[in-house]
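Hi everyone, thanks for making room for me today. I'd like to walk you through a structure that may be new to you, so let's put it up on the screen.

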Amino acid sequence: MTTTDEPTTGTAPTTQAVPAASVDERQARQVAEAAREADWRQPSFGKELFLGRLRLDLIDPLPVPDPERAERAEAFLGRLRDFASTVDGARIEREARIPDEVLRGLADLKAFGMKIDEKYGGLGLTNLHYCKALTLIGSANPSIGALLSAHQSIGVPQPLKLFGNDEQKQRFLPRLAAGEVSAFLLTEPDVGSDPARLSTVATPVEGGYRLDGVKLWATNGTLATLLVVMAQVPKSEGHRGGITAFVVEADSPGVTIERRNAFMGLRGLENSVTRFHDVFVPEANVIGREGLGLKIALTTLNTGRLSLPAMCVGAGKWCLAVARQWAAERVQWGLPVAKHEAVAKKLAFIAATTYGLEAMLDLCCLLADDERNDIRIEAALVKLYGSEMAWLMADELIQIRGGRGYETADSLAARGERAINAEQILRDLRINRIFEGSTEIMHLFIAREAVDAHLSVAGDIIDPDATLGRKARAGAKAGAFYARWLPTLTVGRGQNPGAFGEYGPLAAHMRYVERASRKLARETFYAMARWQGKLERKQGFLGRVVDIGAELFAMSAACVRARAEAGGPDGAAGRELADVFCRQARLRAEALFDTLWDNTDAVDVAAARRVVDGRYAFVEEGVLPIPDEGPWVAPWVPGPSTVEDVRRRYR
Ligand SMILES: Cc1cc2nc3c(=O)[nH]c(=O)nc-3n(C[C@H](O)[C@H](O)[C@H](O)COP(=O)(O)OP(=O)(O)OC[C@H]3O[C@@H](n4cnc5c(N)ncnc54)[C@H](O)[C@@H]3O)c2cc1C
């Protein structure tokens, strides 16, 4: 395995390093805005929630999966469970590698084709069962979950399913269903959250394109044989140009897997630095059309994002199992630690949050499978909420385990204790708050959708480039919209003490959600009126608005789940947990409401400016200086690779 103590892309410079693309803030936003799906063709529970309208009819009753399909999927989950129980997760952690036989076993089970249609050799699982499979296999080792998820949720199968033509599907999908691995390559040394700086270029040539560039952190990159690569096509005669998605054969001449990267967690991840030097890609491998790359990436992520919270749900379940058994067994100060209130609160948090998070994820999956709702907001909310909450749950588990929480599984086993890898789970979970849209970017993404109704009526009023005539017309349109909409925010069902009786003891929570959703919409409107176009910079405010929305969505999902399962064997227990979850979520939402207008945002922004200016550098004194060799971001140098290819093939 390679180490990461050398510059990731700093191969011997043969020519000049490529300077970072010069993109100002406005251009970066324009690129993101152009990639956005502007239309709302289907109803959205999340969008309505942010507008103060609790459209429970969109999520309750829950859509019912096709029974025959569900039965086949359950049979697969049974086989997967048997296989998962044979996987030595500790070995993957120790050797930082998923063994070949595990990869072959997954291929034999068709786990690489879970999301691929049966007509292409896959299993054709619904989102619901696909996510259940990831939850399950991720509990054997989270790196396996990440492998299968990157392969199917963002790798070649998903964009082809949404945007590929028949010929492409027939050419690539059977290979992938049979066990070839795919990866998704967007990130570059200079491109993280902001794709406008993309510098990998696809130059049009006879019959196709020539690809040049370096891609960073591609999950599965060392293993993959088929890649989705995002590259800039320069605008020219006959070419509209723009960021474009290509399917690239990883074995094409000119593709070098230069490094395998290593991380804080997910030690089994096969993550690469991949160089493209003069790589020919046939025209037939363009997904969609030129210029559609970012839209494809974003649309792919609408459902693709569901796989990450599936792993978070798995982590919650695992944390709960450990916390429950350990806290009942461990006696300190004359009592099992579960009976000390400080620990009891953590147990209740883990149990209730796992219940709420699973309710949210299952709901999103069912809505995605049902295809009658636009789930872009809901999927983004569950990614955001799942990654943050799973991190908190794992952290609380470590606290409950005390010193043993900090000890590695191998060390515990060597002392003759149960090999519980809580510290590994915490490390493995940390990346979820960063990739597939960092928490900060998810806040902005969801906030953009949440205020879309305002922008679409008031857009020209706040657009500095709009003419006076356009501003006046927008003013009239906005006046009419707000005259109709604002009165609907003052009263609603949530004020009626008998409302939502169909939720039984949980009705009070649904009434709260209804009232809070209207309050949230009112606060958003005040913010629009106060800050207008500057609202998009008020990230503290917007982040809280989104987090409140996430809590309200989670509460709704928990109550709907409890209602749907009321007649089942765990009906009463589920209702209790939904109640505990809603009480906790409500307190979090209230705390967020409290800080919407009463906070230190402006103070912090001013202080941060002074931090960056060095005014507070004296506070850093007393420790050794940080390393000062090497650039913060290694520039990439065009040309053929000068390092050994580190690709891995498992069969
Ligand atoms: C283990 C791992 C696996 C990965 N797998 C893949 C993969 O398969 N394919 C792929 O293409 N990429 C992959 N990535 C890349 C990943 O998606 C990026 O790390 C992520 O998009 C963040 O980009 P960045 O790290 O460059 O952070 P930056 O964009 O440099 O951001 C740094 C910080 O600033 C914040 N920030 C940035 N812009 C804003 C803003 N406008 N407002 C507020 N805050 C902001 C970010 O949230 C972050 O906290 C992977 C990364 C890792 C570590």
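Let's start at Phe263, which you'll find in the loop between β6 (255–261) and β7 (271–282). Before we go on, a quick caution: this is a predicted model.

So, is Phe263 buried or exposed, or something in between? It comes out as partly exposed, because its relative accessible area is 33%, and the in-between class runs from 20% to 50%. Phe263 also has company: together with Trp217 and Met264 it makes up a nonpolar patch on the surface. The accessible area of those three residues together is about 330 Å².

Okay, on to the empty spaces. The general idea is that if you roll a probe the size of a water molecule over the atoms, you see where empty space is left.

Take the second largest pocket, which holds about 780 Å³ of space. It has 27 lining residues, and the ones closest to its centre are Gln42, Leu162, Thr299, Thr303 and Glu371. Which helices should you look at here? α8 (157–163), α10 (293–304) and α12 (341–370) each give at least two residues to that pocket's lining. As for the chemistry, the pocket's lining breaks down into 12 charged, 9 polar and 6 nonpolar residues.

Now for the closed kind of space. How many cavities of 30 Å³ or more turn up? The count is 1. The largest cavity has about 50 Å³ of space. Around it you'll find Ala35, Arg36, Glu37, Leu298, Asn302, Arg376, Phe445 and Glu449. We meet α10 again here, since α10 and α17 (439–450) each supply at least two residues of the cavity's lining. By class, that lining has 4 charged, 3 nonpolar and 1 polar residue.

That brings me to the charged side chains. Over the whole structure, the search finds 45 salt bridges. Don't worry, I'm only going to show you a few.

The first one I picked is Glu95 with Arg91, at 3.2 Å from N to O. Both residues lie in helix α4 (residues 89–95), 4 residues apart, so about one turn of the helix separates them. Both ends are partly exposed: Glu95 has a relative accessibility of 44%, and Arg91 has 28%.

Next, have a look at α16 (residues 422–430). Arg427 and Glu423 both lie in that helix, again 4 residues apart, about one turn. Their side chains meet in a salt bridge of 2.9 Å, N to O. Why does Glu423 count as buried? Because its relative accessibility is 14%, and buried means under 20%.

My last pair is Glu551 and Arg588, whose salt bridge is 2.7 Å from N to O. This pair links distant parts of the chain: Glu551 is in helix α21 (residues 539–564) and Arg588 is in helix α22 (residues 571–597), 37 residues apart. Glu551 is buried, with a relative accessible area of 4%, while Arg588, at 21%, counts as partly exposed.

One more thing on this topic. Salt bridges with shared partners join Arg36, Asp374, Arg376, Arg448, Glu449 and Asp452 into one network. If some of those names ring a bell, they should: Arg36, Arg376 and Glu449 are among the residues that line the largest cavity.

That's my tour, and I'm happy to go back to any part of it.

Technical notes:
Residues numbered from 1 in each chain as written. Predicted model: local features only at pLDDT ≥ 70, side-chain atom pairs only at ≥ 80, totals over all residues. Heavy atoms only, no water. Patch = residues over 30% accessible without salt bridge, like charges linked within 9 Å, V, L, I, M, F, W, Y side chains within 5 Å. Areas by Shrake-Rupley, 256 points an atom, 1.4 Å probe, with all protein chains shown as cover. Salt bridge = Lys/Arg side-chain N within 4 Å of Asp/Glu carboxyl O. Buried < 20%, exposed > 50% of the residue type's maximum accessible area, 1.4 Å probe, protein only. 1 Å grid on protein atoms, 1.4 Å probe; cavity = no way out; pocket = protein on both sides within 12 Å on 5 of 7 lines; lining within 4 Å. Points joined across faces, edges and corners; volume = space filled by probe spheres on them. Nonpolar A, V, L, I, M, F, W, Y, C, P; charged D, E, K, R; others polar.
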